[in-house]
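Please look at the sequence and the model together, and follow the paragraphs below with both in view.

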Amino acid sequence: LFTINQRNAIRLSNSFADNEMFLRNVQGVLSVLLALKKQPSQIRYQGSSSLARQTANEIHTRIQADGIFHFSRGEGPVLLILDRRDDPVTPLLSQWTYQAMVHQLLGLHGNRVSLKGRPNVVKDNEEVVLSCTQDGFFAKHQYANFGDLGAAIKGLLDDYQKQVQLNEKITSIEDMQNFIKRFPAFKSQSINVSKHVAIMTELSRLVDTCSLMDVAQLEQELACNDEHSSQFRDLMEMLSNPRVKPADKLRSGLLYALRYEGNGNVEAVKARMIDGGVAPEQAQLVDLLLKYGGQNKRGPGLYGERGLAARMAKGLKSLAIDGVENVYSQHVPLLMRTLDAIRQGKLSEKDYPVISGGSAAGRPQVVVYIVGGVTFEEAVKVAELNAS
């Protein structure tokens, strides 16, 4: 997963007026290819997006004109340029894996998490670092779901307690010397345990106080199933729930509007959102979202049969909290169907035209760039795909 840290890049999907932002996206892709020492054997783009086409064309032009793009390390990857508007659903869903939950609920900026002002957080934990290169526990569990994460942190705490008990048995000079030798590692372990316990405690508090499990279940239903009457009833009830934050009400309303744009009661949902505490100007985002990623703006297939991606999802471990299997991880991003097709050589050239290069190798390497932003849910699913 890589990011060029371009804030508000979603604006590019509505206009090419911000030429500086557009060129920064192009430069970001070129820099990744250079860092990987990879020259694409094929460049493809999302055919329904003029932005994806323009981005792909500009990248192709610069690669052809730049003499440093000459790498001879075997077959190059397929570079696939997508537009965020093709799947506006995935960014709206609550997340239940460690890195994604921290990003959504606490904020994750430059690998730093601020817990300042949170209840019962000691001063040393007001700002902590979550980095795979510096934190072995986070590297191992960044994609762990909420249920498994709790068990893993408990195991981390148990190991630390064993070390504490071991250090209490200092009865000789030799014991003291041995403790001094392992003290730096022991202190580092203490800081690491304290950090993850503090983060998990705050995540658990927010899940409970904001009724996030109820919110997330409805979100998943809106994203994955077409059952208007029951979903409309549940949504209207949730929008009146004072425990649910306005931001969560807004996201649920946006998900409803995307699915039932043509046959739902979007105006009633907007009115109930405002009654439930969502600011009127925020409620207007419903109309803006439909202009951005509605049926006439995005490519086909967002709510269609997910085919191989759906079957793949059944093979993934479903989220379990307190030992109860649930529906919080049933959604599979549209990206996974696209990747599955390109790996099997079945991605339609009509829907995803080729700018340069001939036929790609069987099961090629793929570099994907989503103009307008990527999500941690997509990062998790791609990591699972690569691992398999």
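Which residues line the second largest cavity? Its lining is made by Ser94, Gln95, Trp96, Met101, Gln104, Leu105, Val207 and Leu212, where a cavity is a set of points on a 1 Å grid over the protein atoms alone at which a 1.4 Å probe fits but cannot get out, and lining residues have an atom within 4 Å of a point. Before going further, the reader should know that this is a predicted model, in which local features need pLDDT of at least 70 and side-chain atom pairs count only at pLDDT 80 or more, while totals for chains, interfaces and linings use all residues. Residues are numbered from 1 along each chain as its sequence is written, and side-chain values use heavy atoms, with hydrogens and water left out.

The second largest cavity holds about 50 Å³ of space, a volume being the space filled by probe spheres set on the grid points, which are joined across faces, edges and corners. Helix α3 (residues 98-106) gives the most to this lining, with three residues; helices here are DSSP runs of H or I with at least four residues, strands are runs of E with at least two, and both are numbered from the N terminus. By class the lining divides into five nonpolar, three polar and no charged residues, with Ala, Val, Leu, Ile, Met, Phe, Trp, Tyr, Cys and Pro counted as nonpolar, Asp, Glu, Lys and Arg as charged, and the others, Gly among them, as polar.

The structure holds two cavities of 30 Å³ or more, and the largest has a volume of about 110 Å³. Its lining consists of Gln46, Leu82, Asp83, Arg84, Asp86, Asp87, Leu334, Leu335, Thr338, Tyr352, Ile370 and Glu378. Both β2 (78-83) and α14 (334-343) supply at least two of these residues, and α14 gives the most, with three. This lining has five nonpolar, two polar and five charged residues.

Among the charged residues that line the largest cavity are Arg84, Asp87 and Glu378, and salt bridges that share partners join Arg84, Asp87 and Glu378 into one network. A salt bridge is a side-chain nitrogen of Lys or Arg within 4 Å of a carboxyl oxygen of Asp or Glu, and by this rule the structure has 15. Within the network, the closest N and O atoms of Asp87 and Arg84 are 3.7 Å apart, while the bridge between Arg84 and Glu378 has an N to O distance of 2.9 Å. Arg84 lies in the loop between β2 and α3 and Glu378 in helix α15, so this pair ties together parts that are 294 residues apart in sequence. Both Arg84 and Glu378 are buried, that is, under 20% relative accessible area, with exposed meaning over 50% and partly exposed in between (1.4 Å probe, protein chains only). Asp87 is likewise buried, with a relative accessible area of 4%.

Helix α15 (residues 376-387), which holds Glu378, has 12 residues and should span 16 Å at 1.5 Å a residue; its end C-alpha atoms are 16 Å apart, which agrees. The expected span is 1.5 Å times one less than the number of residues. In this helix Phe376, Glu377, Glu378, Ala379, Val380, Lys381 and Leu385 are buried.

A further salt bridge joins Asp135 and Lys195, whose closest N and O atoms are 2.7 Å apart. Asp135 lies in the loop between β4 (127-129) and α4 and Lys195 in helix α6 (residues 173-209), so the pair ties together parts that are 60 residues apart in sequence. Both Asp135 and Lys195 are buried.

The aromatic side chains give another set of contacts, with six aromatic pairs in the structure; rings of Phe, Tyr and Trp (its six-membered ring) pair if their centres lie within 6.5 Å, and planes under 30 degrees apart count as stacked, over 60 as edge-to-face and the rest as tilted. Tyr98 and Phe138 form an edge-to-face pair, 5.7 Å centre to centre with 70 degrees between the planes. This pair links distant parts of the chain, with Tyr98 in helix α3 and Phe138 in helix α4 (residues 136-141), 40 residues apart. Both Tyr98 and Phe138 are buried. Trp96, one of the residues lining the second largest cavity, belongs with Phe146 and Tyr328 to one aromatic cluster.

How values were computed
1 Å grid on protein atoms, 1.4 Å probe; cavity = no way out; pocket = protein on both sides within 12 Å on 5 of 7 lines; lining within 4 Å.
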